[in-house]
Amino acid sequence: MDETSLRVLLDDALTGEPPLGPMTQNSLRAGLRLRRRRRVLSATGGAAAVAAAITIPAVIGAAGGPSPAQSAGGKAVAYVFGGHCSGNRRTCNLNSWTGTLTPISVATNKPGRPIDLGTGSGGANAVVTPDGLTLYVENDTSDTVTPLSTATGKLGKPIKAGRYPDGMAITPDGRTLYVCDLATPSVQPPQPGRHVVHGTVTPISTATGTPGTPIKVGYRPRMILMAPDGKTAYAVSQGSSTVTPISTATDRAGKSIKVPGDPFVAGITPDGKTIYTLGSMGSGAPSSVTPISTATDTAGKPIQVGSFPDAIAFTPDSKTAFVVNANSGTVTPISTATNRAGKPIRVGLQPQAIVVTPNGKTAYVISYTSGIVTPISTATNTPGKPISIGKEGYAIAVTPDGKTVYAASLASGTVTPISTDTNTAGKPINVGTRPAVIVVKP
Amino acid sequence: MGSVEEFTDFAAATSPRLRRTAFLLCGDWHTAEDLVQTALAKVFVSWRRIRDQNTAHAYATRTLVNTYLAQKELKRPSEFLTGQPPDRPAQPSAPETRIVVLDALATLPPKGRAVVVLRYWADLSVEQVARTLGCSTGNVKSQSARSLAKLRTVLGDVISESTAAGRPLQEHDTERDTGHG
C-alpha cells in the first residue's frame with residue numbers, strides 16, 4: 001500500500017458524511033463562555049502581554065527618581081483586575097461577566113473593597129495617569145474607556161473609544177490618552193490575499209474626556225508605546241506587521257515601519273532609543289525580536305530568541321532587554337548596544353510576564369504552568385531560587401519603591417507579595433476573583 | 001464586534017475540513033463535531049492574537065488534535081488496543097471500504113493515528129505535523145513508518161478481500177490519481 005492509495009482509502013472513509021450542524025454558532029457561544037470565564041488567561045491570551053506592558057509606565061515613572069506623581073497621588077496602591085460571573089458559571093457570557101478591581105495597599109498588603117466595574121465589563125486593560133490620580137479602564141464590551149478616581153474609588157463617565165479598544169498609553173504630561181481600535185473600519189472576511197488597509201488609534205483628551213479624530217495606523221493595532229519624552233507614540237499593528245509613529249503634538253501619523261512576523265508585543269527602552277517588536281505566531285519570523293531605531297525609524301536585523309517570545313522588559317539603564325520565551329521556558333537577555341542575544345536563562349514552564357526592579361538589579365519572571373516566580377540577577381543573568389505563588393501564575397508588577405513584587409495566581413485567586421530584599425513570598429492576598437492584571441499606582 | 005464577525009466567517013469556512021480531520025481521528029461524526037466545537041471555542045479565546053487564515057487554520061488543527069489526544073489519554077483505561085478490528089454486528093459479506101479503513105485506523109495508537117491523518121489526509125509536511133503535535137520530525141517519521149506498516153498488515157487482507165468482492169480498488173486508485181493530477 002503506497003501513500004496515494006492510503007489517501008484514497010482515507011477519503012473513502014469519509015463517505016456518508018452527515019450535514020453540518022450549527023457548529024459555528026455553538027463554538028462561538030462556547031468560546032465566549034471560555035473567554036469570559038478565563039479572560040484570556042489561557043497561556044496564549046492577550047492579558048499576559050497587557051500585564052507585562054501596563055506595569056511599565058509605573059515602573060519607568062518611579063525609576064527616574066521621585067516623580068510629582070508620588071506626592072499628588074498619595075500612597076502607592078496595586079490595582080488587581082479580575083472578574084466573576086454574576087450568574088451560573090456554565091452559562092457565563094459577555095453579559096453576565098462582572099469585572100472587579102481590587103485595590104491593595106502597598107504599605108500594608110491589605111486588600112480594600114473591590115470596585116465593581118459593572119456587569120458586562122471587560123476591564124482587562126488599564127493605564128494610570130502619571131500623577132496617579134486617575135486610572136483608565138478599558139471595556140471591550142461597551143467599547144469604552146472608563147476613568148476611575150484613585151482618590152475616591154468612583155468611576156467616571158465612560159468615554160467612547162472606537163469599536164474595540166485594545167492597547168492604551170498616556171502621555172507623560174497626562175494630557176492625552178491613546179487607545180488602539182482593534183476593529184477595522186471595513187471588516188472583511190479574513191481571506192488570504194484580501195487585506196484591510198488600516199486600523200485606527202483614538203486620542204482622548206483627559207481634561208475633557210472627549211475622543212478626537214481617529215488616527216490612521218497599520219491594520220489591527222495591538223499596543224501603543226509612548227516615547228519617554230512624550231513626543232511620539234508608536235502604534236504596533238499586528239495585522240500589517242508595522243509600527244506607526246504618531247506625533248503627540250499634532251496627532252498625525254508618520255510613515256509606518258515594516259517589521260517581520262506579526263508583532264503582538266513590543267517594548268521601548270527607557271532611554272527611548274530603541275523599540276523591540278516580538279514576532280510570535282506569524283510565518284515570517286516566528287521566534288525573533290526586531291529592533292527599531294527611533295532616531296531613524298528603521299528596523300534592524302531580527303534577533304533570534306526562544307520559541308514564542310511573549311513579553312519584554314528592560315533594565316532602567318536601557319542596557320539590557322529581557323525577552324520571555326513562553327514555549328521554551330526561558331528568558332533571552334539582549335544587549336541593546338550590540339543587539340546580540342545572550343545565553344537563554346531557564347525559568348519556569350510557560351513564562352508569561354516579566355518586571356525589572358527600579359534599581360535594575362533583579363528581573364522577576366512569572367510562569368503559568370509552574371506557578372512560580374523566578375528572580376534573575378541582571379548582573380550575572382543567572383536565575384535564583386524559584387518562589388512558589390500558586391497555580392496558573394499570570395500577572396506580575398513591582399511597586400515604585402522596588403521593595404515588593406506582586407505576583408498573581410489565576411487558579412488560587414490570590415496575589416502574593418514578594419520581598420525583593422529576601423526573595424521570599426509573603427502571605428498570599430485573597431482577591432476572590434481570577435486576577436489577570438495588576439497595575440501599580442505610584 | 002469585529003473579532004466575532006471575523007471568527008464566525010473563519011469558523012464557517014474551516015469547520016467542514018476540520019470535522020473531516022476529526023472524524024478520521026475518532027471515527028464517529030458526533031464526536032468529531034464535538035471535537036471541532038471544542039477546538040474552535042479555544043481558537044476563539046485566542047482569536048484576537050491570531051492574524052491570518054492560514055495561521056488560524058494551523059492553530060485550529062493543532063488545538064483539535066491536542067484535544068483529541070487529551071481525551072484519549074483520559075479514556076485510556078477503558079479502551080483496549082487490539083490487533084484485530086472489533087466485531088461489527090450484521091456485516092455484509094463484503095464490508096464497505098469505509099468501515100474497513102476506520103477499523104484499521106482504530107488499531108493504531110492515538111498519536112500514530114494523528115500522524116497518519118495529518119500527513120496522508122490533511123497533506124501536512126513532516127515539519128508541519130511535528131509542529132502540530134509538538135514533537136520532533138524524527139518522531140513523526142518513525143511514527144509514520146510504524147503506523148503505515150501496521151496499516152499495511154491490517155488492511156492488506158482487507159484490500160484483497162474487498163477487491164475480490166467486486167470493489168475494483170486498482171481502477172479506483174487510478175481514477176482518483178488522475179483526479180488529483
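Q: Why are helices α5(B) and α6(B) described as oblique to each other?

A: Two packed helices are described by the angle between their axes and the distance between the axes. This is a predicted model, in which local features need pLDDT of at least 70, side-chain atom pairs count only at pLDDT 80 or more, and totals for chains, interfaces and linings use all residues. Residues are numbered from 1 along each chain as its sequence is written, while chains are lettered from A and ligands numbered from 1 in the order in which they are written. Helix α5 (residues 110–121) and helix α6 (residues 126–133) of chain B pack at an angle of about 135°, and their axes are 10 Å apart. Here axes are lines fitted to C-alpha atoms, for helices over the stretch in contact, and angles run from 0 to 180 degrees between N-to-C directions. The pair is oblique because angles under 35 degrees count as roughly parallel, over 145 as roughly antiparallel, 65 to 115 as roughly perpendicular and the rest as oblique.

Q: Is the crossing of α5(B) and α6(B) left-handed or right-handed, and which residues make the contact?

A: A crossing is left-handed if the near helix is turned anticlockwise from the far one by less than a right angle, and right-handed if clockwise. Helix α5(B) crosses α6(B) in the right-handed sense. From α5(B), the contact takes B:Lys111, B:Ala114, B:Val115, B:Leu118 and B:Arg119; from α6(B), it takes B:Val129, B:Thr132 and B:Leu133. Two residues are in contact if their C-beta atoms, placed from the backbone, lie within 7 Å. The residues of this contact comprise five nonpolar, one polar and two charged (Ala, Val, Leu, Ile, Met, Phe, Trp, Tyr, Cys and Pro count as nonpolar, Asp, Glu, Lys and Arg as charged, and the others, Gly among them, as polar).

Q: Which residues of α5(B) are buried?

A: A residue is buried if 20 or more other C-beta atoms lie within 10 Å of its own, exposed if 12 or fewer, and partly exposed in between, with C-beta atoms placed from the backbone. Ten of the twelve residues of α5(B) are buried, so this helix is largely enclosed by the rest of the structure. Among them are B:Pro110, B:Gly112, B:Arg113 and B:Tyr120. B:Pro110 is buried, having 20 other C-beta atoms within 10 Å. It touches B:Leu69 and B:Lys72, when residues up to four places away in sequence are not counted. B:Pro110 also lies 7.8 Å from B:Leu25, C-alpha to C-alpha, although 85 residues separate them in sequence.

Q: What span is expected of a helix at 1.5 Å a residue?

A: The expected span is 1.5 Å times one less than the number of residues. Helix α2 of chain B (residues 29–45) has 17 residues and should span 24 Å, which agrees with the 24 Å between its end C-alpha atoms. Of these 17 residues, 13 are buried, so α2(B) is largely enclosed by the rest of the structure. For α5(B), with twelve residues, the reach from first C-alpha to last is 16 Å, close to the 16 Å expected.

Q: At what angle do α1 of chain A and α4 of chain B pack?

A: Helix α1 (residues 3–13) of chain A and helix α4 (residues 97–106) of chain B pack at about 110°, with their axes 8 Å apart. This makes α1(A) roughly perpendicular to α4(B). Their crossing is left-handed. In the contact, A:Leu9, A:Leu10, A:Asp12 and A:Ala13 meet B:Thr97, B:Arg98, B:Val101 and B:Leu102. These residues divide into five nonpolar, one polar and two charged. Helix α4(B) is mostly covered, with seven of its ten residues buried.

Q: Where is a positive phi found in a residue other than glycine?

A: Most residues other than glycine have a negative phi. A:Asn381 has a phi near 55° and is found in the loop between β30 (372–377) and β31 (382–383) of chain A. A:Asn423 likewise has a phi near 55°, and its place is in the loop between β35 (414–419) and β36 (424–425). With 17 C-beta neighbours inside 10 Å, A:Asn381 counts as partly exposed. A:Asn423, also with 17, counts as partly exposed. In chain B, α5(B) is followed by B:Asp123, whose phi is positive, near 60°.

Q: How many helices and strands does the secondary structure of chain A come to?

A: Helices (H or I, at least four residues) and strands (E, at least two) are DSSP runs, numbered from the N terminus. Chain A has four helices and 38 strands, whereas chain B has eight helices and zero strands. Of the 442 residues of chain A, 59% count as buried; of the 181 residues of chain B, 41% are buried.
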